[in-house]
Amino acid sequence: MRKCYVLVVALMLCSPVLAQDKGANESKDYLKEAVRLEEKNSPDTAGGVPSRLGKYPMSFFTKTRSAKTAGKDRLSVALKIQYWNWDLKCDAAGNYHSLPSGDSKRKTSLVFCTKYGWAENHHIAVGVPVLFNDFDTGTTTNNSRGLGNIFVFEKWNLIQETETMPGVAVDFWYYLPTGDGDRKLGSDDGAYKITTEISKAWKDFSLHFNPIYAWNETPNSNWDEINAGTWYTKFAKLWPGMEYNYFHKQGYGQSHDLVPGLLWKLPNNSTFKIGCPINLESTCSYRCRVGVVVKLFKKF
């Protein structure tokens, strides 16, 4: 009987402590759940996944592209307008000089590109370039206008971006032989290209990297590229960006370009981009030190 009494007294003395511990644990659990719900519903998070992941355009100003695809059953259209003014010419010693008085070499390119997400993490694209030449280099005058090499490609975002891992996509391209090499409107041979896009986003910026290799049906005219870029995404509607492009083609030369620019987010899934390609170094016959590129984009 005495043992039972002692046990009851002990339980009565311990019950406030146990109740206090239980209340503390319940309070901790409540706080954890509140933090979890706050993180889930914060502007940087959607459905438990940080909203910044994959929230960048599919392309930059000239060549660099991201791992993002158009989205299943989504259609996008884009128009890129780029202008070149080659104001320097390379001499036999490899030095560049201004073009002779009266000479000029200019080109404008319009590229219409549409993409369709035919499956999850896949899209197919078709691009139609129209070129406008304005060459007057003493012995050569070229005012040709016409179709360049139409291209088609399939893009597969095979690795999805996470908090710790970048997104990775691969593309398989084919350039149709719709150009006219004699008039400097592309090539009358077909070409193939394989590209890789690696993309990673953080809170206020994202980084993108593209190694590329292409081979032409014409012997000894293959080319390779390295493109990279970054977006600064601190602001809601206006994103500054920077793009780097390296290009090397057999029998043609190589060049390094830097493209600073801005992206403006417009209503109804539309964007406007403007960039300024700046040539850092070149071994090609002609050199365009500064150009301009404008892109309009709309997703349906």
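1. A definition to start with: two strands count as paired when DSSP finds at least two bridges between them. Strands E10 (residues 151-159) and E11 (residues 167-175) run antiparallel and are joined by seven bridges. Within this pairing, Glu154 stands opposite Phe172 in E11. One thing to keep in mind as you look around: this is a predicted model.

2. For a general view, the chain has 300 residues, and 36% of them count as buried. It's mostly a story of strands here, with 20 of them and one helix. The accessible surface comes to about 17,200 Å², and carbon and sulfur atoms hold 62% of that. Among contacts with a separation of 6 or more, 54% are between residues 24 or more positions apart.

3. Back to E10, which has another partner. Strand E7 (residues 122-136) is joined to E10 by six bridges, and these two strands run antiparallel. If you want a spot to check by eye, look for His123, which stands opposite Lys155 in E10. In general, strands of a sheet pair through backbone hydrogen bonds, either parallel or antiparallel.

4. There's also an open sheet of three strands, in the order E5-E4-E19, with antiparallel pairing. Its edges are E5 (96-98) and E19 (286-287), each of which pairs on one side only. Strand E4 (residues 88-90) is joined to E5 by three bridges. One residue pair to find there is Lys89 with His97, its bridge partner in E5.

5. Which residues make up the largest nonpolar core? There are 11: Val111, Cys113, Ala125, Phe151, Phe153, Trp173, Tyr175, Ala191, Ala214, Trp223 and Phe247. The elements that give two or more residues to this core are strand E6 (104-119), E10 and E11. Apart from it lies another core of nine residues, including Phe61, Ala201, Trp239 and Leu263. As a general point, nonpolar side chains tend to be buried together in soluble globular proteins.

6. Phe153, one of the residues in that largest core, is worth a click. Setting aside neighbours within four places in sequence, Phe153 is in contact with Arg65, Lys115, His123, Ile124, Ala125, Asp171, Phe172 and Trp173. Two names from that list, Arg65 and Asp171, come back in the next point.

7. The structure holds eight salt bridges. Arg65 and Asp171 form one of them, with their closest N and O atoms 1.8 Å apart. Arg65 sits in the loop between strand E2 (49-50) and strand E3 (75-85), while Asp171 is in strand E11, so the pair links distant parts of the chain, 106 residues apart. Are these two residues buried or exposed? Both Arg65 and Asp171 are buried. They also belong to a network of salt bridges that takes in Glu197.

8. Two other salt bridges have partners that are less covered than the buried cut-off of under 20% relative accessible area. Arg106 and Asp134 meet with an N to O distance of 3.7 Å; Arg106 is in strand E6 and Asp134 in strand E7, 28 residues apart. Why does Arg106 count as partly exposed? Because its relative accessibility is 30%. Asp134 is partly exposed too, with a relative accessible area of 33%. The other pair is Arg183 with Asp180, whose closest N and O atoms are 3.2 Å apart. Arg183 counts as partly exposed at 36% relative accessibility, and Asp180 is partly exposed at 26%.

Notes
Residues numbered from 1 in each chain as written. Predicted model: local features only at pLDDT ≥ 70, side-chain atom pairs only at ≥ 80, totals over all residues. Heavy atoms only, no water. Helix = DSSP H or I, 4+ residues; strand = E, 2+ residues; numbered from the N terminus. Buried < 20%, exposed > 50% of the residue type's maximum accessible area, 1.4 Å probe, protein only. Contact = heavy atoms within 4.5 Å. Areas by Shrake-Rupley, 256 points an atom, 1.4 Å probe, with all protein chains shown as cover. Core = buried A, V, L, I, M, F, W, Y, C linked by side-chain atoms within 4.5 Å. Salt bridge = Lys/Arg side-chain N within 4 Å of Asp/Glu carboxyl O.
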